[in-house]
Structure formats: structure tokens, C-alpha cells
Amino acid sequence: MGINEDLNRLKASASRSWLLSYTAIQYYCAACGAASGILFILAFVIANFLPPPKPTWDAPTIAQFYVDNIIRIRAGGAILMISGGFYLPFSAAISNQIRRIPNVPYMIHQLQMASASAGIWTFMLPGVVLCITSFRPDRSPELTQALNDFFWIVALMPWPTFMVQNFAFVYAIILDDRSRPLFPKWLIPFNIIMPILFAFATGMHTHMTGPLAWDGVITFWIVGFSFVVQLIVDAIYLALSAREEGLAVLNAGKKEDAETPSRRQVNNGATIEG
């Protein structure tokens, strides 16, 4: 009985805390976008994939690379998978915020969220593949090489879901013609250009060398880092929109509290006259 009472008091106290408020949850979700991008890059750094192993390496060289970096690669694979978990709260917060924009069709924020649900596998599947590749470093070099190819292609090539997600976000911003829009208009070209850059990864499976190979300046350095930059920038403005909403709710509450005494006086006066 005493434990239940303590738990009830703790639950009541937690429910009144700002840390669990609607605004705070949106801040957390926005921060998840930046965290997802940072962890994505961190996974490659820890796995010693900066710069990436070359597609032209033969099977014994790839296998030896995994043996020499086995602990780092295992850690990188786990971090890469975890980074995907942060992407969903971030995307849910975007859907929640664009619902505040007048005349945005229901389909748009649903499309944005559905694309994010598919796109999460661009984080998680490569992480799992990397963990599988590093699980048995003594397997045949040819199999390790095949799994390494699998990792790089699924990590960098599946861009279409992110393009759909970005374009849904852009459409919502375009529809916001208020004098004080929820998101700045310069996010429109920013979120159009970024996924177009992602499309350069489409032909990575046809290039062993050059800028379009998985270790190339376009496919890896430009596509990979522009994706992370976009996540961080969108996360910042998502947090700002959540802050604006929180302030609006707070000001509305203060206004209502200020009007309450006058309403009581009117009611009391009406009662006396009656």
C-alpha cells in the first residue's frame, strides 16, 4: 500500500513537471534529429570508415581491414543502428508542426511520417549488416567482401524516401502564406536542393572509382555530409517552431487568467442585482 501511494505521488509530480510537458517533448523530438545526424557520422568515425575502404580493394584486403578494426567496426555498427531510433521522433515532430499550418492536407503530414518510417531502415539496416559482417571475422574473404559491398550500397543508395519526406515538408512550408510563417521560406530551396544531391548516389553500384563510387567526393562526402547538415538545420528550426507554439499557449493562459477576475465581478454583480 505504501509503495502504491509513493508511486502515485511520484506520477502526479512527474505529470506536472515541465520536463514532461507538451513543449518539452517537442524539444526532445527536435533534438533527436540533430542526435540522429551526429550519431550517423560518429558511427563512421568510430568504425574507421573516414575515409571509406576502397571499392577496388580485393577480398583479402577487405577481410584484413575488418580483422584489424574489428572492435571499432562492431561499435560503429551498433551506433549506426541506434541512430535510426532517433530519426522517428524527429520526423513525428515535423508532422505535428506542419499540422499547425492552415490548409495543409491530411495526406501531407501522413506522407511525411510514412516516408520517415521507411527511411529509418537507411540507418538501421546498414548497422545490422555491419554487425553481421564483423560477427565472424574468420569467414571467407569473399563473403566478407560481399557483405562489405552490401553495407556501403544500402547505407548510401536508398535516397528516394528522404526526397519524398523533404518534398512533403517543403509543400507544407509553401502553403503557409501567413505574415508570420511557421518556418522561414529559405528552408524551401534548402530542403529541395539537399535531396536532389542525394540522387547522385543512384549510380554508385556502377562505379568502382571516381566521384560517384561509394568512397567518392560526391557519393560519400557531399551526399553523406549534406544529409547530416540538413538534419541539424531542420532540427534547429523545428525546435524554434515548438518554442513559438509553447509561448503562444503560455500567453493565452496568462490572458485567460487576467480575464477571469473581471468575469467573476460581472457574475457577482449579476447575482446581487438578481
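This passage walks through the nonpolar core, two helix pairs and a buried aspartate in a predicted model.

A good place to start is the interior. The largest nonpolar core contains 58 residues, and the members that touch the most others are F44, F49, F90, I98, F151, W152 and F183. Helix α2, spanning residues 22-46, supplies the largest share of this core, with 9 residues. W152 deserves a closer look. Beyond its neighbours within four places in sequence, W152 is in contact with F44 and F49, two residues that also appear among the core members touching the most others. The remaining partners of W152 on that count are P52, P53, M204, W214 and F220.

Attention can now turn to the helices, beginning with α8 (residues 160-175) and α9 (residues 187-198). Their axes come within 9 Å of each other and cross at roughly 165°. Because angles over 145 degrees count as roughly antiparallel, α8 is described as roughly antiparallel to α9. The crossing of α8 past α9 is left-handed. On the α8 side, the contact is built from F162, M163, N166, F167, F169, V170, I173 and I174. These meet L187, I188, N191, I192, P195, I196 and F198 of α9. By residue class, this contact has 13 nonpolar and 2 polar residues, with no charged ones.

Helix α8 also packs against α5, which covers residues 106-119. Here the axes lie 8 Å apart and the angle is about 155°, so α5 too is roughly antiparallel to its partner α8. This crossing, of α5 past α8, is likewise left-handed. From α5, the residues involved are I108, L111, Q112, S115, A116, A118 and G119. From α8, they are T161, F162, V164, Q165, A168 and Y171. The contact of α5 with α8 divides into 8 nonpolar and 5 polar residues, and again no charged ones. F162 of α8 is listed in the contact with α9 and in the contact with α5.

Finally, there is an acidic residue to point out. D215 sits in the loop between α9 and α10, the latter helix covering 217-273. Its relative accessible area is 17%; because buried means under 20%, D215 counts as buried. Setting aside residues up to four places away in sequence, D215 touches P52, P53, K54, P55, F220 and W221. Of these, P52, P53 and F220 are also contacts of W152, which links this loop residue to the surroundings of a core tryptophan.

Key:
Residues are numbered from 1 along each chain as its sequence is written. This is a predicted model: local features need pLDDT of at least 70, side-chain atom pairs count only at pLDDT 80 or more; totals for chains, interfaces and linings use all residues. Side-chain values use heavy atoms; hydrogens and water are left out. A nonpolar core is a set of buried Ala, Val, Leu, Ile, Met, Phe, Trp, Tyr and Cys residues joined through side-chain atoms within 4.5 Å. Buried means under 20% relative accessible area, exposed over 50%, partly exposed in between (1.4 Å probe, protein chains only). Helices (H or I, at least four residues) and strands (E, at least two) are DSSP runs, numbered from the N terminus. Contact means heavy atoms within 4.5 Å. Axes are lines fitted to C-alpha atoms, for helices over the stretch in contact, and angles run from 0 to 180 degrees between N-to-C directions. Angles under 35 degrees count as roughly parallel, over 145 as roughly antiparallel, 65 to 115 as roughly perpendicular and the rest as oblique. A crossing is left-handed if the near helix is turned anticlockwise from the far one by less than a right angle, and right-handed if clockwise. Ala, Val, Leu, Ile, Met, Phe, Trp, Tyr, Cys and Pro count as nonpolar, Asp, Glu, Lys and Arg as charged, and the others, Gly among them, as polar.
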